[in-house]
Amino acid sequence: MRHRRLILAIAISALIAAGCGNDDSDDVAQPAESVAGGSDLVIGQVMPETGSLAFLNSPMIEGIGLAMEDILGAGGNVQLLTGDTATDPDVAPEAVNRLLGEGAHVIVGAAASGVSQSFIQTLFDAQIPQCSPSNTSPSFSTQDNAGFYFRTVPPDQAVSPILAGIVAADGATNVAIPARADDWGNALSGLLATSFTELGVAYQIISYDEDATSYDATVAAIEDMGADAVVLVSFSEGAQIIRGMLEAGIPPEVMYGTDGIYDRNLADTVDPSNPNVLDGFVALTAGGGDEFSGRLIERTGGDVAYGGQAYDCVVVLALATLAAGSTDGPAIIGQVQAVTRGGQKCFSYAECAGLIAEGTDIDYDGVSGPLELDDVGDPTFGRYIIAEFIDGELTVTGSEDVDLAELG
């Protein structure tokens with residue numbers, strides 16, 4: 001996958017070339033006259049171009065690219081620098097530090113909650129705003145160093161009741177939850193456990209080391225408990241667990257995947273010789289509206305997971321910068337909640353930027369739905385795509401919207 005390259009302003013290109021001597025960052029087109037004038041907002045993108053979440057990078061990177069095009073097309077002053085987290089908490093901070101050194105005012109990413117945790121303190125200390133389109137761990141809602149952090153996807157309190165409800169409705173009574181032993185895996189498996197308890201469904205969390213060389217013990221534990229359904233809280237390593245379950249005679253019809261394994265190429269990864277190997281497997285992920293998904297699919301070939309949320313990260317940061325009239329981190333973060341709630345509804349960067357220029361308080365509703373960011377920077381609305389492998393293809397079978405205020 002190659003996202004469209006944009007051409008950076010000459011002066012910025014020269015500065016980056018002199019400062020780092022490499023071409024890891026994508027170039028961005030010289031913007032037209034800004035609606036609000038002032039300095040360019042430099043956005044640092046940190047996405048999993050490699051590593052265990054690399055399969056998710058396409059819709060997010062393309063979503064960011066579409067946002068950049070729309071903002072530039074409306075006369076916005078934005079530039080993009082890129083870095084690879086490698087889905088690795090040891091690598092990601094180096095990428096972030098490089099982007100900050102190149103002049104990034106804000107960061108979009110990381111994809112994985114645990115990876116964002118590896119540099120959130122750095123951004124807090126430097127007072128650099130950060131938006132993640134896909135961090136769903138509840139931890140960010142309460143931690144002290146999240147003052148410059150917000151996200152456009154709800155925490156996992158939103159998705160866990162949906163997934164547990166689907167599994168229970170399919171008749172499961174004894175559910176295995178193999179889960180990564182990291183921040184995201186521990187949190188989501190615990191929330192799923194709570195949801196299953198409320199539904200009267202028995203469960204067992206089977207925690208595993210995501211860096212293990214073998215997952216035979218995890219598969220054996222699933223067999224030993226006699227599970228009649230399995231909910232995988234996994235990244236790409238989940239393919240190995242699925243392969244082991246299939247070899248043990250556990251059919252794909254009783255398997256369910258969370259967003260970390262929502263991959264339309266998963267069947268090919270599990271068994272490239274059998275395209276129907278996962279028929280019946282159900283997976284959920286956060287998504288966007290139909291119109292934006294259509295734009296995204298043209299670039300990704302079908303992947304949409306978190307693309308709308310990535311788009312909205314960029315637009316919210318750009319609008320907050322306009323509202324603040326500054327690229328200063330505290331000024332930007334101080335406007336993030338304000339531009340997503342309580343003002344006049346608007347639905348695009350161009351429309352919202354025009355209102356800001358007129359001095360109007362805005363309420364941006366994005367391509368991922370109404371954001372309404374709360375006081376800790378969490379959206380209060382979630383839109384989820386439900387899909388199933390049918391005839392070898394991961395096919396969208398439904399969607400569900402969630403108002404987190406109704407969850408209590």
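**Contacts, salt bridges and backbone features of the predicted chain**

Leaving aside residues up to four places away in sequence, A227 makes contact with N174, A176 and I222. The model in which these contacts occur is a predicted one. A227 is placed in the loop that runs between helix 8 (216–224) and strand 8 (229–232). With a relative accessibility of 22%, A227 is classed as partly exposed. A further residue can be related to A227 through its backbone position: I177 is 50 residues away along the chain, and the C-alpha atoms of A227 and I177 are separated by 9.5 Å.

The overall architecture of the chain was examined next. Its secondary structure consists of 14 helices and 15 strands. The radius of gyration is 21 Å, close to the 22 Å that the globule rule gives for 408 residues, and the chain is therefore as compact as a globular protein of that length. Along the principal axes, the C-alpha atoms fill a box of roughly 65 × 45 × 40 Å. Of the 408 residues, 57% count as buried. Among contacts with a separation of 6 or more, 66% are made by residues 24 or more positions apart.

The surface and the charges of the chain were also described. The chain exposes about 15300 Å², and 48% of this area is supplied by carbon and sulfur atoms. There are 13 positive and 59 negative side chains in the chain. The centres of these two sets of charges lie 8 Å apart.

Positive and negative side chains meet in salt bridges, of which the structure holds 14. One of these joins the side chains of R299 and E69, with a distance of 3.0 Å from N to O. R299 belongs to helix 11 (residues 290–300) and E69 to helix 2 (residues 57–73), so this pair ties together parts that are 230 residues apart in sequence. R299 has a relative accessible area of 30% and is partly exposed.

Another salt bridge is formed by D303 and R264, whose closest N and O atoms are 2.8 Å apart. D303 is located in the loop between helix 11 and helix 12 (307–324), whereas R264 is located in the loop between strand 9 (255–257) and helix 10 (266–270). The pair therefore ties together parts that are 39 residues apart in sequence. The two partners fall into separate accessibility classes: D303 counts as buried at 15% relative accessibility, while R264 is partly exposed with a relative accessible area of 32%. The class of D303 follows because a residue is called buried when its relative accessible area is under 20%.

A salt bridge is also found between D363 and K345, where the closest N and O atoms are 3.1 Å apart. This pair links distant parts of the chain, since D363 lies in strand 12 (residues 362–366) and K345 in strand 11 (residues 344–346), 18 residues apart. D363 counts as buried, with a relative accessibility of 3%. K345, in contrast, is partly exposed, with a relative accessible area of 36%. Elsewhere, R180, D182, E210 and E237 are joined into one network by salt bridges that share partners.

Several particular backbone features were identified. The peptide bond leading from G109 to A110 is cis, and its omega angle is near 0 degrees. A110 is situated in the loop between strand 3 (106–108) and helix 4 (113–117).

Positive phi values were found in residues other than glycine, including Q127, for which phi is near 60 degrees. Q127 is part of the loop between helix 5 (120–126) and strand 4 (130–132). This residue, Q127, has a relative accessible area of 39% and is partly exposed. Y306 likewise is not a glycine, yet its phi is positive, at about 65 degrees. Y306 occurs in the loop between helix 11 and helix 12, the loop that also contains D303. At 2% relative accessibility, Y306 counts as buried.

Note on methods: Residues numbered from 1 in each chain as written. Predicted model: local features only at pLDDT ≥ 70, side-chain atom pairs only at ≥ 80, totals over all residues. Heavy atoms only, no water. Salt bridge = Lys/Arg side-chain N within 4 Å of Asp/Glu carboxyl O. Helix = DSSP H or I, 4+ residues; strand = E, 2+ residues; numbered from the N terminus. Buried < 20%, exposed > 50% of the residue type's maximum accessible area, 1.4 Å probe, protein only. Rg over C-alpha atoms; globule rule 2.2 N^0.38 Å. Contact = heavy atoms within 4.5 Å. Areas by Shrake-Rupley, 256 points an atom, 1.4 Å probe, with all protein chains shown as cover. Lys, Arg positive; Asp, Glu negative; His and termini not counted. Charge placed at Lys NZ, Arg CZ, Asp CG, Glu CD.
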